[in-house]
Amino acid sequence: ELLADSKSEVSEAYNSVRSSLSLSSGKGLPSSIAFVSTMASEGKSSACLATALSVSKLKKNCVVLDLDLRRPNVHRLLSMSNNVGASNVLAGETSVSAAVRPTDFPGLSIVTGGPVPPNPAELLTDENISNLLQELAKSYDVIFVDSAPILSLADAIAVNNNCEATVYIVEAGRNSPNAVLCAISRLQESRSKIVGVILSRFDAGRMGYGYDYAYGYSYESRDE
């Protein structure tokens with residue numbers, strides 16, 4: 001509901017994220033953007049969906065692809081079923097077009113995670129992910145990928161390697177500095193292009209800041 005309201009604080013925050021992403025390369029918005037966090041339950045899926053919705057308001061044809069196959073969550077945020085999704089496509093059980101579903105938001109589609117497979121790492125190979133992204137790119141301007149957490153799983157490495165840009169989600173007050181630095185190091189070593197960081201669940205009042213600091217996003221070059 002807050003995301004649908006273009007005047008809400010949440011929508012305004014993700015409009016700022018959208019603007020920063022538009023400046024992350026010389027050609028504007030990256031064609032595929034992975035969202036990754038250090039650990040599970042840091043708001044990664046919500047950030048992915050919210051950014052996709054914000055971009056879709058620019059008359060862009062967007063799709064959210066849930067590749068967190070161990071704990072798919074995007075379908076829950078939209079109150080949708082998860083009977084068929086990315087795991088079925090990667091396993092060769094269904095076509096990409098059959099897995100794509102419309103949402104209630106104009107210009108925004110979704111590919112849910114699908115049934116949890118016995119061994120997600122076997123499906124999340126470079127070749128499988130690349131083929132899936134290439135197929136979606138034929139119909140969509142921007143692909144938003146909900147990736148698995150970076151520290152606990154190897155799944156996220158292959159996903160982020162195949163995306164043009166990576167946005168790193170950090171929950172305020174949850175992870176130690178060493179954990180964050182380790183996660184960023186793993187992403188950089190895997191050739192992921194980190195274009196920005198979103199600080200989630202930041203309690204502005206508790207930290208002594210006003211409304212303007214309720215959400216944080218930083219854009220820096222990879223070298224920096």
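These legends go with several close-up views of one predicted protein model.

Before you look, note that residues are numbered from 1 along each chain as its sequence is written, and that side-chain values use heavy atoms, with hydrogens and water left out. Because the model is predicted, local features need pLDDT of at least 70 and side-chain atom pairs count only at pLDDT 80 or more, while totals for chains, interfaces and linings use all residues.

**Figure 1. The whole chain has ten helices and eight strands.** Helices (H or I, at least four residues) and strands (E, at least two) are DSSP runs, numbered from the N terminus. Of the 224 residues in the chain, 51% are buried. Here buried means under 20% relative accessible area, exposed means over 50%, and partly exposed lies in between (1.4 Å probe, protein chains only). The chain exposes about 10600 Å², and carbon and sulfur atoms supply 49% of that area. Accessible areas come from the Shrake-Rupley method with a 1.4 Å probe, and for residues only the protein chains shown count as cover. Take the contacts (heavy atoms within 4.5 Å) between residues at least 6 apart in sequence: 75% of them join residues at least 24 apart.

**Figure 2. Strand β1 is mostly covered.** It spans residues 32-37, and six of its six residues are buried. S32, A34 and V36 point one way from β1, while I33, F35 and S37 point the other way. Two strands pair if DSSP finds at least two bridges between them. β1 runs parallel to strand β5 (residues 142-146), with four bridges joining them, and also pairs in the parallel sense with strand β6 (residues 165-171), over five bridges. Find A34 to see both pairings: V145 is its bridge partner in β5, and T166 is its bridge partner in β6.

**Figure 3. Strand β6 is covered on both faces.** Seven of its seven residues are buried. A165, V167, I169 and E171 lie on one side, with T166, Y168 and V170 on the other. β6 also pairs with β7 in the parallel sense, over six bridges. You can pick out one of the partnerships at E171, whose bridge partner in β7 is S200.

**Figure 4. The largest nonpolar core has 28 residues.** A nonpolar core is a set of buried Ala, Val, Leu, Ile, Met, Phe, Trp, Tyr and Cys residues joined through side-chain atoms within 4.5 Å. F35, V64, F144, V167 and I198 touch the most other members of this core. Several elements each supply at least two residues, including α1 (9-22), β2 (62-66), β4 (108-111) and β7 (194-200). Helix α2 gives the most to this core, with seven residues. A second, separate core has 24 residues, among them V63, L65, L132 and C163.

**Figure 5. F35 and F144 form an aromatic pair.** A search of the whole structure finds one such pair. Rings of Phe, Tyr and Trp (its six-membered ring) pair if their centres lie within 6.5 Å; planes under 30 degrees apart count as stacked, over 60 as edge-to-face and the rest as tilted. The ring centres of F35 and F144 are 6.4 Å apart and the planes are at 35°, so this pair is tilted. Since F35 lies in strand β1 and F144 in strand β5, the pair ties together parts that are 109 residues apart in sequence. Both F35 and F144 are buried.

**Figure 6. C48 and C62 are buried cysteines, in a structure with zero disulfides.** A disulfide is a pair of cysteine sulfur atoms within 2.5 Å. Why does C48 make no such bond? The closest cysteine sulfur to that of C48 is in C163, 9.5 Å away, which is too far for a bond. C48 has a relative accessible area of 0%, and C62 has a relative accessible area of 0% too.

**Figure 7. V116 sits in the loop between β4 and α6 (120-123).** Is V116 buried or partly exposed? With a relative accessible area of 49%, V116 is partly exposed. The C-alpha atoms of V116 and L69 are separated by 5.9 Å, although these residues are 47 residues apart along the chain. Leaving aside neighbours within four places in sequence, V116 is in contact with L69, R70 and P72.
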